[in-house]
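Hi,

Here is the model I promised to pass on. Have a look at it first, and my notes follow underneath.

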Protein chains: 2
Amino acid sequence: MSLPHILLGLTATPTSGYELKQKFDTTLRHFWFAELSQLYPALKKLVKEGLAEVETMPSEKGPDKKLYLRTAAGREELLKWLSTGPGTAPLRHPYLAQVFFLNEHQSHEQAIKFMEDLLTRIKGTCQTLQAIEDGWKDEDGGYPNQLNDDDFFTQLTLDAGLRVNKAYIEWCETSLERLKARAEK
Amino acid sequence: MSLPHILLGLTATPTSGYELKQKFDTTLRHFWFAELSQLYPALKKLVKEGLAEVETMPSEKGPDKKLYLRTAAGREELLKWLSTGPGTAPLRHPYLAQVFFLNEHQSHEQAIKFMEDLLTRIKGTCQTLQAIEDGWKDEDGGYPNQLNDDDFFTQLTLDAGLRVNKAYIEWCETSLERLKARAEK
DNA sequence: TGGGCCATGTAACCAGTTACATGATTGC
DNA sequence: GCAATCATGTAACTGGTTACATGGCCCA
């Protein structure tokens, strides 16, 4: 059950559900996805459990905001989660499952097309991540080892995302070579 | 919605729910997890939709088996899934989320411990995958490029798992070095 | 006046987990 | 006689998705 804990991590300063969604879509996108419609009830539940507090504030644009701020108990709960050790989610990788059954195609052409599509897509996400890191490099002279703790750990997750994506790209490329060699026979 | 399609892929020959679960736990474990209690209703649904057929057979050990076999329509549905292009599931990586908040710890010691635990665990899964690949090498002289199509694509998914796990190991190791360097200051 | 962004939410649904229930066969 | 493995399932619940609803503000 990670989402509530992530929200406790993000509400160290007062933040609205809408703002949190933007954070998921930018800074956390390479390791967590959440729907806005999922955040609102989750935040409400944190308040009910005494792990966060709400305050309603007028917004500059649009309707009132509700700013959520974790309580001391909320921070405790977050620390508890961190000290349970590395968490896991059951593996579910749809495109690897598809690769597993690619032999069902009559010809290798379609398998090759599949892998080429996959390669294009992974290269795209890799570039997105790279762009974020590059932006960081420009802003910050001491990048990456002089970063403050906040940014240091954020950069660690970015680095993980980049390395994994690069590994997938190499895998796609050598797989394509192998497939093409088989197709010629 | 991948699980039904995976089951259609696995029921090219008559197979029981119990046997399918074993397949998930051995051959598919590096890219998909499913509970047994999830498989039974899913198989039933495939039959209802005309994508598979059941036949009850006495078992050598224990109670009767129900052998599921995909129909022609079932195979069509599988091919349709494959030709929709690479699928994705929304990203959810609990331990990366935890790394993101590791700055909440007062000292770096706990962060270092977290990464060490993670490294140990990832090394373990990597060894499991390596053992499978090694077993394959022994059995098969022409490994990996002379494999038949079935085994070739299975090996591709294994290769993906190994590469990604190795990327994570390298990430853990360099992250630990960087963390330790910061802790000394 | 119409689209995009700001901002909140609910309800129905689907996928997956956990807990429980049943019972045969095999080997110690 | 008991534990492990073989074999099938159901029910309650949780986590997440999709679709829908509301309405203000800003800019072209």
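Let me start with the surface near DNA strand D: by class, nine of its residues are nonpolar, nine polar and seven charged. For the classes, Ala, Val, Leu, Ile, Met, Phe, Trp, Tyr, Cys and Pro count as nonpolar, Asp, Glu, Lys and Arg as charged, and the others, Gly among them, as polar.

Before the rest, some housekeeping. This is a predicted model, in which local features need pLDDT of at least 70 and side-chain atom pairs count only at pLDDT 80 or more, while totals for chains, interfaces and linings use all residues. Residues are numbered from 1 along each chain as its sequence is written, chains are lettered from A and ligands numbered from 1 in the order in which they are written, and side-chain values use heavy atoms, with hydrogens and water left out.

Back to DNA strand D. It has 25 residues around it, and the closest are M1(A), Y18(B), S59(B), K65(B) and K66(B) (a residue is near a strand if one of its heavy atoms lies within 4 Å of it). Of the atoms of DNA strand D that come within 4 Å of the protein, 70% belong to sugar and phosphate. I also looked at polar contacts (pairs of N or O atoms within 3.5 Å; within protein, one must be able to donate a hydrogen and the other to accept it, and residues adjacent in sequence count only if both atoms are side-chain atoms). Y18(B) has a side-chain N or O atom 2.7 Å from a phosphate oxygen of DNA strand D. For Y40(B), a polar side-chain atom is 3.0 Å from a phosphate oxygen of that strand, and for R92(B) the distance from a side-chain N or O atom to a phosphate oxygen is 3.1 Å.

Which elements supply at least two residues each of the surface near DNA strand D? They are α3 of chain A together with α2 (17-26), α3 and β2 (65-70) of chain B. The largest share, four residues, is from α3(B). (Helices, H or I with at least four residues, and strands, E with at least two, are DSSP runs numbered from the N terminus.)

Now for DNA strand C. Among the 25 residues around it, S59(A), K65(A), K66(A), M1(B) and P63(B) come nearest. Sugar and phosphate make up 70% of the atoms of DNA strand C within 4 Å of the protein. In chain A, Y40(A) puts a polar side-chain atom 3.0 Å from a phosphate oxygen of DNA strand C, and R92(A) has one 3.1 Å from a sugar or linking oxygen. From chain B, a side-chain N or O atom of Q38(B) is 2.9 Å from a phosphate oxygen of DNA strand C. The largest share of this surface, four residues, comes from α3(A). By class, the surface near DNA strand C has nine nonpolar, eight polar and eight charged residues.

How do the protein chains relate? A turn of 180° and a shift of 0.0 Å along the axis lay chain A on chain B with an RMSD of 0.1 Å (least squares on the C-alpha atoms of residues with pLDDT of at least 70 in both). The two copies are thus related as by a two-fold rotation axis. In chain A, the C-alpha nearest that axis belongs to V164(A), at 2.8 Å.

As for the interface, 73 residues of chain A are in contact with 74 residues of chain B (contact means heavy atoms within 4.5 Å). Chain A and chain B bury about 7000 Å² between them, 63% of it on carbon and sulfur atoms (this is the accessible area, with a 1.4 Å probe, that two parts lose on being put together, summed over both). There are 32 residue pairs in polar contact between the chains, both at pLDDT 80 or more. On the side of chain A that touches chain B, α7(A) gives the most, with 21 residues. That side divides into 36 nonpolar, 22 polar and 15 charged residues.

Last, salt bridges (a side-chain nitrogen of Lys or Arg within 4 Å of a carboxyl oxygen of Asp or Glu). The count is 22 over all chains, and six are found across the interface of chain A and chain B. In one salt bridge, E104(B) pairs with R75(A), with the closest N and O atoms 3.1 Å apart. This pair crosses between chains, from the loop between α5 (94-100) and α6 (108-139) of chain B, where E104(B) sits, to R75(A) in helix α4 of chain A.

Cheers
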